Structures are given as C-alpha cells and as structure tokens.
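The following note collects several points on helix packing, backbone geometry and burial for a colleague's consideration. Each point may be checked against the coordinates.

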Amino acid sequence: MQLYPTTQATTAIIILSCIFRTSKASFQSRSIDLHNCCTLPRAWNQVGPEFLGQTKSKTRLLSLQRAIMEQKNLEQNDTGCPIHTHYIFLIHGWLGNSKEMGFLESSINTEVASIAKASSTIPSGTEATATRIVTHSAKCNDEKTTDGIAIGGSRLAQEIQQFIIEDMQSNTGRDALCELPPPEHNCSISFVGNSLGGLYARFALSLIPDKLQLQSDDSVEESSMPSVNLHRQIFATTATPHLGVASHTFLPIPRTLEHFISRTLKATGRDLFRTDDIDLIYEMSTDYETFLRPLSLFRKRIAYVNAFRTDFQVPTSTAAFLSKNSAYPHFIDEAIDVPFLVAIARTDEKHDILIQKIYKEQMSRKQTQVMMSTKLDALGWQKVFIDVRGYIPIPGIALPSFLKRSSRQKWDDFIKSQQVSGGDENKKQVESRDLERMMSGSDRLDIPVGHQVMVANSKSKSYSKFTEKGRPVMNYLAGWMVKELKEAIPVMTD
C-alpha cells in the first residue's frame, strides 16, 4: 500500500538525518573582455592564490576567448538555417518517475498551444520557418535512481540522443534542411531537472555532442544522411542539490553520520554526501572542460529554490549553491507582484573564474564549498526564490513576533538598505552569503514538504492531490520558458 505524502513527510521528519536531499546569461552573446577580467569575490581570494592554477598567458586567454565565442555563435544558429524542432526534456528526481513533472509538461503544452493559435494569423508563406515544440519526460531512470549520478546521467544522455534522432527522422522533410553538403537539420534543446534530475542533466551534458547523425537504412549510405545540430536554449532546475548534501542537511549532522547514511543510500547517496573516492559533485562543479563548459553554452540558466525552511530534502543553500563564506555578487531584480515569489537574483558570467585551475587536495572542506559555489555562480544564473508556505496543505504555526520577525518583511527591509547597482534604483546588489542567511530562516514552523509542493509533483494520484496548490509556481515557470523561447524562435507551432 502506498503511503500518503503527508505520512511520508512525517516519517522523514521523525527520522531526521536519515533522509537526505535528493531528488548574466542572455539571449545575446556578450564579448569577454579578458584585458579587464572581473575581480574575484573576496571569499574566493580568501582561499589563497597558492591553491589556484598559474595565470594563463594573454595568448592562451585570447585563444580561449575565440573558441568560446565561436561556440556561442554556433549555438545562436548564425548560419541562418531555421530551427526545425525545439525539445524540452523533463527529468525526474530520486525515487521518481516520468509522471513526476506531468503538471509542468501539461502547462508548457498549454502555453505552446496558445502561441500556436496566435501564430495562425501569420501571413501565408512563412509557415516554412515554423518550429515544433516537443516535450519529453525522461523514462530511463524510472526505478533506477540509486546507482549513482554518472550511471543515471549516462542513461539520460543516451535516451535524449535516441529520442531526438527518432523524432527527427519521423518528422523532417527536405524543406527543413539547410542546403549544405551534406544537408543539416537544426534543433534546439532545453532541460528542466527536478531534484536529483538536475544533477543527472548536468552530467548528461558532458556526453551529448553538438551534432547528431541521423541513422540510415540499408539502402542509404550513412555519410549521405543528414546531421542534426543541437542548439542549447534553457537549462532549468527545481530544488536540485547542486552542492550535494554534505553539510547541507535540513538539520546539521556530524560528518561521521553522513558517511554512515551515504552507505545505506547506495551509490547515489555516496555521490550526494561526497564520500566516494571520486568526489563527483565537486568535479561537476569545478571541472570547466568536462562539465561547466557544456552548461555555459545554454542561453539561460535558471534555478528554482524553496526559501524559508520549506524543503526537507534540498534546503536553500544547496539548491541555490549559496555559501555563507562567499561574497559573490548577486543582483536582485525589481520586486514582482507574485504571491509566492520572494526574489529573483542574477549572477554575471565570469569566464576568468571558470577557467581557473583548482587543486582540491590543498583545500579544506570549507574552501571546497566556496569553490563549488563560486564556480557555479560564475556561469551566470537566474535564481528564483519561492515561498510555498501558503501552499502547503497542512497549515504551519507562526512564531511570536517577539521571537522572530516576518521572514518576508525582514528580506524586504534588508534589500531596501542595499546599495544600488549601476545607478539603477530597481537593481540592488547583495552577496551569496547574504542570500544564504536571509533565505534559510523562517518565522514559522511548517512541515517542510516544499520539495514536492513547488513542482506540483504528479508521480501518483495521491501526490497530485497533495501538491495541487503548487501548480501556480509551475504555471509561472512554464509561461517564462515559452516566452523566452518565443523571443529566440519567433514562430512556434505545435
């Protein structure tokens, strides 16, 4: 008999530490001024230059700059060939299934249908440039989330490539080809990874090439078959433990207990608690060529984060890769009148930080945490902090005002006191450690089931019912994604 989500959450809270957390990019590429590289955040400098690689020569940096910009140009599809299909892949988390992101998928499809209806008024003769929008919920890791991030991510990469190849072969014609020898298709890809699914997706990116070859039958030579160029659009995560769960549990536990728990949770647990000989979470957060560069090629990177102690599995600090010892600058957008939206924070891309060589062996645990946080921030992200306390089915208990100020009011007062960035009164600058402090506390005692509620988890009927109040959050994400894709791909149809 399946436990109702409330029972599961209550059991998790009783067990406490035996449950772990799992499951300025812009559409226009900007030049990288390597003659005036940005200053490293203070927390990064505290680690000490002896832990960093030697500065590359100007020639090496300029070569890297050209390589990056050439790849950025490829991703922007400067060939002028139309994007035939845009794929949105939805990836579930720990102990999840392909139905988990079902509500988000339906919301995206509803948004796309409304765009398609509006585009039906476009004059005849422009239909050839229409772009299909295809959503796909990954199935390869259903009931297979305990054998490690690398294995799950490899399965995901294989499924994504196979899905694109099969779909393109079924839905392409000569009118969708670029007249190049051999002919080429162009499609774009976006990801939404929930919880552990975000880490699966980040690993999969290291295995997915920029170009796929369509398969031929016996009557056609492989070399004459069209290829498919992959253009990266949006990479989104929802409550993903980007920094792992070591030192990022809902209630702090000693490292010895983390080692014990990680063994009970098999390979995935060892990855997340960073107890394996190969610290995969650290490598994924600091290895530029293998993991960060593929992620940097997306036009947008966005992380949805539960604020105010509402997520037992993935608290704020790891979902938003924040560090109490990092001064990395975050720019806060003008307040948006959306009930569940606390703040939108943006970090700027800083390629000089991304390409720095890191020597983990000479660093303490605290320093590695700062490194991971800073390297991820340097990719350029949009972090969306969500307050689902009013959407949890079981009401929480407000603490007396003399014990705890309102978390929302405390944040509003804090942000008003911060300095203006670039002379823009609506753009305030804060630091990573500020967000870690302000978003990790609460003036209420709530059952921390925001991990399920924020994404309107639909992996079963009972989950769908329990999390239905979180649907406005996913509607907001779906609307944002489709709007961003519309700007990048002017004409979209179903």
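1. Two helices count as roughly antiparallel when the angle between their axes is over 145 degrees. In this predicted model, the axes of helix 14 (residues 407-416) and helix 15 (residues 432-439) cross at roughly 155° and come within 10 Å. Helix 14 and helix 15 are therefore roughly antiparallel to each other.

2. Which residues make up the contact of helix 14 with helix 15? From helix 14 come K410, W411 and F414, and these meet D434, L435, R437, M438 and M439 in helix 15. By class, the residues of this contact divide into 5 nonpolar, no polar and 3 charged.

3. Helix 15 is mostly covered, with 6 of its 8 residues buried. The buried residues are S432, D434, L435, E436, M438 and M439. Among them, D434, L435, M438 and M439 also belong to the contact with helix 14.

4. A second helix pair is formed by helix 5 (residues 149-171) and helix 6 (residues 196-205), whose axes come within 8 Å and cross at roughly 70°. An angle of 65 to 115 degrees counts as roughly perpendicular, and helix 5 and helix 6 are therefore roughly perpendicular to each other. The crossing of helix 5 past helix 6 is right-handed.

5. On the helix 5 side of this contact are I149, A150, G152, G153, S154, L156 and A157, which meet L196, L199, Y200, A201, F203 and A204 in helix 6. The residues involved divide into 10 nonpolar, 3 polar and no charged.

6. Helix 6 also packs against helix 10, at an angle of about 100° and with the axes 8 Å apart. That makes helix 6 roughly perpendicular to helix 10. In this contact, R202, F203 and L205 of helix 6 meet F291, P294 and L295 of helix 10. The contact residues comprise 5 nonpolar, no polar and 1 charged. F203 takes part in the contact with helix 5 and also in the contact with helix 10.

7. Two serines deserve a check of their backbone angles. S195 has a phi near 55°, a positive value in a residue other than glycine. S195 lies in the loop between strand 3 (184-194) and helix 6, and counts as buried at 0% relative accessibility. S247 likewise has a positive phi, of about 65°, although it is not a glycine. S247 is placed in the loop between strand 5 (227-238) and helix 7 (255-264). Is S247 buried, partly exposed or exposed? With a relative accessible area of 46%, S247 is partly exposed.

8. A search of the whole structure finds 0 disulfides. Two cysteines may be inspected in this connection: C140 is buried, with a relative accessible area of 16%, and C187 is buried, with a relative accessible area of 0%.

9. V305 lies in strand 6 and is buried, with a relative accessible area of 0%. Which residues does V305 touch, apart from those up to four places away in sequence? They are T316, A319, A320, V384, F385, I386 and M454. In addition, the C-alpha atoms of V305 and T240 are separated by 8.1 Å, although these residues are 65 residues apart along the chain.

10. F298 is found in the loop between helix 10 (288-296) and strand 6 (300-306). F298 is buried, with a relative accessible area of 1%. The C-alpha atom of F298 is separated by 6.5 Å from that of F235, which is 63 residues away along the chain.

11. T110 is found in helix 4 (residues 102-119). Is T110 buried or exposed? T110 is exposed, with a relative accessible area of 53%. The C-alpha atoms of T110 and G479 are separated by 9.3 Å, with their positions 369 residues apart along the chain counted as the separation.

Technical notes: Residues numbered from 1 in each chain as written. Predicted model: local features only at pLDDT ≥ 70, side-chain atom pairs only at ≥ 80, totals over all residues. Heavy atoms only, no water. Axes fitted to C-alpha atoms, helices over the stretch in contact; angles between N-to-C directions. Helix = DSSP H or I, 4+ residues; strand = E, 2+ residues; numbered from the N terminus. Parallel < 35°, antiparallel > 145°, perpendicular 65-115°, else oblique. Left-handed = near helix turned anticlockwise from the far one by under 90°. Contact = heavy atoms within 4.5 Å. Nonpolar A, V, L, I, M, F, W, Y, C, P; charged D, E, K, R; others polar. Disulfide = S-S within 2.5 Å. Buried < 20%, exposed > 50% of the residue type's maximum accessible area, 1.4 Å probe, protein only.
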